[in-house]
Amino acid sequence: MNRTVNRRAMLSGGLGFGSLALGAMLSRDGFAATPGDTVGSTTWSPPNGLPHFAPKAKSVIWLFMRGGVSHMESFDPKPALTKYAGKTINETPFADVQDPEKLKRVRVVVVNDANGQQRNKIYPLQVGYRKHGQSGIEFSDWFPHLGSCADDLAVIRSMWTTDDNHGAQVQFHSGRHMLDPRVPTIGAWVNYGLGTLNENLPQFIGMGPRFFDKRDGHYLGPAYDSVALKVDPENPLDYASPEGDVSGVQQRLGFDLVRRLNHLAAEQYPHDPELEARIKSYELAYRMQTAVPDVIRFDTETAATKKLYGFDQKETRPFGEQLLAARRFAEQGVRFIQIMHGDGAAGAWDQHSKLKANHSKLAMQVDRPVAGLIQDLKQRGMLDETLVVFATEFGRTPGSQNSDGRDHHPFGFSVLMAGGGIKGGIVHGATDEIGFHAVEHPHYVTDVHATLLHQLGLHSHRLNVPGHQRLEQDYGHVIKEILV
């Protein structure tokens, strides 16, 4: 058996947490691009861990509602839906929204699927709206706590995408349709472009349910995947504990032995530059065993802080715990914290029926914790350097499905952003009067990526790897109108 296999077997079997270390190690083993290679018309050089220009933000907390939040019952009020309720779209003044030329952007994954169809009978608004803050931005009554943060939020009402089914979750994170090859997600690009701020913690953390594609790094390698985490101090990371009865002293001895073997191998094989990267990967995995549980222990948090996140209600506590953990990780220098809400393959926000009952329940689970996160970051002086994104894969149709629900809708929907140099108290972009198309300042999903990369001091066009051609749409465009 060769030296590499011996080291891998020792770490994965005897020391536990093998998959965490090996993911990073194998990525570096497979990453063979050479400085000076050409990417497009420019010369490629590997990231040095430094931003391309002065950043406004240090970390991102990315909140994603799986299933498709109805933009019309959350952040984009459309009273015309109630006015024309029960009529077909062709019977309203807005028949042109279904002009075939306006619908060409969609790429259908499953032809004649029961979902992702045009729904023609107008369905009325299922919730009221009210204005909030000095800015007077309207939020639905299902999101009163987020409404209280109106003056800290930028509401983007003009998002669009091209996938009419739940592969749009992948598209929102990567910019690519499910029919395309898998490519790195926004979290992976941030991880790739920036150096760590804390050597004891992963740069990219993921919490909550995930389907369709559970990878992030893809051709960047597994080192750029998110590290899956649970808010459980006793078992926060899968495979993070030794498989057998191994003490901390024994683990340390094992690491020291592997380090000595690696250094001996480096002398014997001087042209193996990945060895030092392997050592660092193993060391990070070892340090994470202590550092991660410490961050997600909330003993030092005050009762007032816990209440802010909704710990006092069973409906809000689970998501509140994840968001408090996110704040604590951001506080410790983790670059990208990604939290998914809404279980099930499609995502719990997928309301083809019983929209009022289910959306109101799900909004209750997230509204107070997200507002608490923003308020907590602000009062700690962290909001200026922490960028918060509240997103979903698409909106929902103006027309009804199954009499009391809405279908998937990729042509127009809403996203919220706050902190990290984002203007507060503004609405950017608009959909038409029935919420069908993004008609004012339309933004493809990667415009959100380009904007947060810009705030982190990264230029999206400089994030490339030789041998992997990126499309222009992958880079996106910075939404300059929402920047301070």
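Colleague: Is Trp189 buried or exposed?
Modeller: In this predicted model, Trp189 counts as buried because its relative accessibility is 4%, and the cut-off for buried is under 20%.

Colleague: Where does Trp189 lie, relative to Tyr192?
Modeller: Both residues belong to helix α6, which covers residues 186-193. Trp189 and Tyr192 are three residues apart, about one turn of the helix.

Colleague: And Tyr192, buried or exposed?
Modeller: Tyr192 counts as buried, because its relative accessibility is 6%.

Colleague: Which residue outside the helix pairs with Tyr192, and what is the geometry?
Modeller: Tyr192 forms an edge-to-face aromatic pair with Tyr224, at 5.7 Å centre to centre and 75° between the planes. This pair links distant parts of the chain, the two residues being 32 residues apart. Tyr192 is in helix α6, whereas Tyr224 is in the loop between β7 (204-207) and β8 (227-228). Tyr224 is buried, as is Tyr192.

Colleague: How many aromatic pairs does the structure hold?
Modeller: The structure holds 15 aromatic pairs. One of them joins Trp189 and Tyr192, which meet edge-to-face at 5.6 Å centre to centre, with 80° between the planes.

Colleague: Which residues form the aromatic cluster?
Modeller: One cluster is formed by Trp62, Phe64, Phe172, Phe204, Phe336 and Phe413.

Colleague: Changing topic to charges over rings: what lies over the face of Trp160?
Modeller: Arg105 does, at 3.8 Å from the ring centre.

Colleague: And which residue lies over Phe211?
Modeller: Lys214 lies over the face of Phe211, at 5.7 Å from the ring centre.

Technical notes: Residues numbered from 1 in each chain as written. Predicted model: local features only at pLDDT ≥ 70, side-chain atom pairs only at ≥ 80, totals over all residues. Heavy atoms only, no water. Phe/Tyr/Trp six-rings, centres within 6.5 Å; stacked < 30°, edge-to-face > 60°. Helix = DSSP H or I, 4+ residues; strand = E, 2+ residues; numbered from the N terminus. Buried < 20%, exposed > 50% of the residue type's maximum accessible area, 1.4 Å probe, protein only. Lys NZ or Arg CZ within 6 Å of the ring centre and 35° of its normal.
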